[in-house]
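Reader: I have the sequence and the model open side by side. Could you walk me through a few spots?

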Amino acid sequence: MNYNIGVKIKQLRLGASMTQEQLASRLGVSPQAVSKWESGTNMPDIQILPELSVIFGVSIDSLFDLTDQRKLRINLASSAVSVVRRLP
């Protein structure tokens, strides 16, 4: 599943009128790291997600664009996989 968190980070960063350098400084990472996230070359470390959500005032779910409808589809898909794995 592709969540494309980099697009969301860029959208939130620009909405907050922040540069990549400013965001990087607040997170303690390099501006190149932020650039790689936003271009989809790399993803932020999971330990950074809570801080990103605080900086932008959003939930971690919204960083991944996980709407209630999308969560439902993910849960249904996971349930289907579990059922198939239990089949003989």
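Reader: Glad to start with a serine: is Ser-53 buried or exposed?

Author: Happy to help, and please keep in mind that this is a predicted model. Ser-53 is part of helix 4, which covers residues 49-56. Its relative accessibility is 10%, and the cut-off for buried is under 20%, so Ser-53 counts as buried.

Reader: Which residues is Ser-53 in contact with, leaving aside its neighbours within four places in sequence?

Author: Ser-53 sits in helix 4. With those neighbours left out, its contacts are Val-58, Ser-59, Ile-60 and Leu-63.

Reader: And Ser-17, is that one buried or exposed?

Author: Ser-17 belongs to the loop between helix 1 (5-15) and helix 2 (20-27). Its phi is near 55 degrees, a positive value in a residue other than glycine. Most residues other than glycine have a negative phi. The relative accessibility of Ser-17 is 65%, and exposed begins over 50%, so Ser-17 counts as exposed.

Reader: How are helix 1 and helix 4 oriented, roughly parallel or roughly antiparallel?

Author: The axes of helix 1 and helix 4 are 10 Å apart, and the packing angle is about 30 degrees. Angles under 35 degrees count as roughly parallel, so helix 1 is, relative to helix 4, roughly parallel.

Reader: How many nonpolar residues are in the contact of helix 1 with helix 4?

Author: From helix 1, Ile-5, Ile-9, Leu-12 and Arg-13 meet Leu-49, Leu-52 and Phe-56 of helix 4. By class, this contact has 1 charged residue, no polar ones, and a nonpolar count of 6.

Terms used:
Residues numbered from 1 in each chain as written. Predicted model: local features only at pLDDT ≥ 70, side-chain atom pairs only at ≥ 80, totals over all residues. Heavy atoms only, no water. Helix = DSSP H or I, 4+ residues; strand = E, 2+ residues; numbered from the N terminus. Buried < 20%, exposed > 50% of the residue type's maximum accessible area, 1.4 Å probe, protein only. Contact = heavy atoms within 4.5 Å. Axes fitted to C-alpha atoms, helices over the stretch in contact; angles between N-to-C directions. Parallel < 35°, antiparallel > 145°, perpendicular 65-115°, else oblique. Nonpolar A, V, L, I, M, F, W, Y, C, P; charged D, E, K, R; others polar.
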